[in-house]
Amino acid sequence: MRLETRQKKRVSASILLILFIVFSYHEISLFPRYFSFRDTSQINFCEQVQREGPMNAALERTLWQPPVPLSKSCGRYKQELRCTRGQPASSQNPIEIYDIFLFSFEVDALEIRFHELDELVSHFVIVESNIDHKGYPKPLLWNMLKHDPRFVPFRSKVIHVVRDVPLDSVQGNRSAIEWTFEHQSWEKALEFCRFLPPQAIVMLGFVDEIVSRQALYDAIYCEDHSSGSNITSALPLSFGIWFPFGHLERAFRTDWPIQGHPYTYGYPSLRYASQCSSGTFRQQFARHKLGGLHISNYCFPPFVILKELTGTEYGSETLQNMTKEQCQQLVHDCQGHSFGRTVPLDQVPEEDLDAVYIPWFVKCNPKRYPSLMHQVDLRAVV
């Protein structure tokens with residue numbers, strides 16, 4: 001009997017090992033560079049792009065940790081949360097808050113978001129697809145990042161929702177502007193929301209649309225009697241966040257503002273789970289709170305390349321064989337767009353300044369993301 005039990009255990013272990021090898025081979029065969037941990041920090045990023053291909057080079061480096069160690073004294077940057085308008089809600093019942101967001105390659109934004117919202121959010125719901133917005137296979141980055149020391153502290157709160165598309169059912173096209181793939185991810189997020197308890201509070205958006213912790217606190221825990229609202233009647237609402245368009249000393253007048261606040265981006269939203277049954281993922285509401293940061297047009301060179309290859313409104317088939325000069329031009333153009341379409345912060349109307357917010361984690365670690373100020377990031381010198 002003992003011999004038979006041992007044999008069964010050996011068979012089970014062998015099956016698990018085979019499954020692991022098969023799964024690992026599948027991941028590595030799609031993106032072989034992920035698991036070769038060479039020291040390429042001294043290699044010019046755009047030279048690596050030309051030599052090894054833009055996707056492989058950019059994916060490898062976007063997973064690298066910033067070389068700047070974390071500050072150990074951040075207390076002064078993390079202000080105490082209290083109601084800035086109205087008064088604390090009378091109800092002391094615990095509130096389940098689900099932060100549901102779409103994620104593709106925005107690793108730095110994910111780190112900033114986790115730190116900004118961790119104390120308020122019950123669950124971070126990462127909605128990720130196995131294809132990019134051009135229909136090409138992509139690895140599930142959270143399966144790798146969850147083992148990274150900078151993300152381990154948040155792992156227990158993460159729910160990973162995967163939109164698993166059969167790869168033989170799609171035809172990739174780097175040149176096409178096709179919204180179908182992105183819209184399907186929106187629907188996946190709403191589908192998850194509809195299965196939550198009706199009174200659960202959900203925030204919907206993209207990973208780089210980072211609502212300030214104070215704005216989220218005000219929206220959930222503070223009653224504003226001056227507007228005739230209480231907690232139960234305040235939702236749904238939209239957040240108006242600052243859109244610097246790639247440089248933290250600028251502001252972009254967006255095409256999707258909160259009404260009356262032209263220098264805001266108004267698509268992150270807060271709702272009850274029961275309200276996910278109607279409406280859409282990208283929807284603005286009459287009520288709003290201001291405060292947050294939209295990290296779009298992020299000019300970190302690997303991210304610039306990834307967005308150019310995979311973004312819904314970007315791309316070209318010719319860039320799959322990218323030259324060093326093309327790579328450098330794309331990074332240069334990213335930085336140029338920041339100034340061509342924005343104004344300095346001192347020209348932002350006073351009524352919009354409440355939306356301007358730098359997350360406390362960025363303030364405390366100002367050299368961790370130098371691309372936010374168009375400075376050189378040692379992970380990807382071009």
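What share of the contacts in the chain with a separation of 6 or more is accounted for by residues 24 or more positions apart? In this predicted model, residues separated by 24 or more positions account for 80% of those contacts. The chain contains 10 helices and 12 strands, and of its 382 residues 52% count as buried.

The nonpolar interior is a natural place to begin. In soluble globular proteins, nonpolar side chains tend to be buried together. Here the largest nonpolar core has 83 residues, of which Leu 110, Phe 114, Leu 216, Phe 239 and Leu 270 touch the most other members. Helix α4 provides the largest share of this core, with 6 residues. Apart from this core lies another one, made up of 19 residues, including Tyr 98, Ala 189, Leu 196 and Ala 273.

Helix α4, which spans residues 107–117, also supplies the largest share of the lining of the largest cavity, namely 3 residues. That cavity is one of 3 in the structure that reach 30 Å³ or more, and about 80 Å³ of space lies within it. Among the residues that line the largest cavity are Val 107, Asp 108 and Ala 109, together with Phe 105, Glu 106, Asp 208, Phe 300 and Phe 303. Sorted by class, the lining of the largest cavity has 7 nonpolar residues, 1 polar residue and 3 charged residues.

From the cavities we turn to a charged residue. Is Arg 213, a residue of helix α7, buried or exposed? Arg 213 counts as buried because its relative accessibility is 6%, a value under the 20% limit that is used for buried residues. Its side chain has polar partners of two kinds: a polar atom of the side chain lies 2.7 Å from the backbone oxygen of Gln 79, while a polar contact of 2.6 Å joins the side chains of Arg 213 and Glu 119. Setting aside residues up to four places away in sequence, Arg 213 touches Lys 78, Gln 79, Leu 81, Glu 116, Leu 117, Glu 119, Leu 120, Tyr 357 and Trp 360.

Tyr 357, one of the residues touched by Arg 213, sits in the loop between β12 (342–344) and α10. The side chain of Tyr 357 makes a polar contact of 2.7 Å with the side chain of Glu 116, and Glu 116 is also among the residues that Arg 213 touches. Beyond its neighbours within four places in sequence, Tyr 357 is in contact with Glu 116, Ser 212, Arg 213, Trp 242, Gly 292 and Leu 293. With Trp 242 the separation in sequence is 115 residues, yet the C-alpha atoms of Tyr 357 and Trp 242 are 6.9 Å apart in space.

Helix α7, where Arg 213 has its place, leads on to the second largest pocket, since α7, β11 (288–294) and α10 (360–364) each supply at least two residues of its lining. The second largest pocket has a volume of about 700 Å³. It is lined by 26 residues, and those closest to its centre are Thr 84, Gln 214, Asp 218, Leu 290 and Asp 354. The lining of this pocket comprises 8 nonpolar, 8 polar and 10 charged residues, whereas the lining of the largest cavity divides into 7 nonpolar, 1 polar and 3 charged.

Definitions and conventions. Residues numbered from 1 in each chain as written. Predicted model: local features only at pLDDT ≥ 70, side-chain atom pairs only at ≥ 80, totals over all residues. Heavy atoms only, no water. 1 Å grid on protein atoms, 1.4 Å probe; cavity = no way out; pocket = protein on both sides within 12 Å on 5 of 7 lines; lining within 4 Å. Points joined across faces, edges and corners; volume = space filled by probe spheres on them. Helix = DSSP H or I, 4+ residues; strand = E, 2+ residues; numbered from the N terminus. Nonpolar A, V, L, I, M, F, W, Y, C, P; charged D, E, K, R; others polar. Core = buried A, V, L, I, M, F, W, Y, C linked by side-chain atoms within 4.5 Å. Buried < 20%, exposed > 50% of the residue type's maximum accessible area, 1.4 Å probe, protein only. Polar contact = N/O pair within 3.5 Å; in protein donor to acceptor, adjacent residues only side chain to side chain. Contact = heavy atoms within 4.5 Å.
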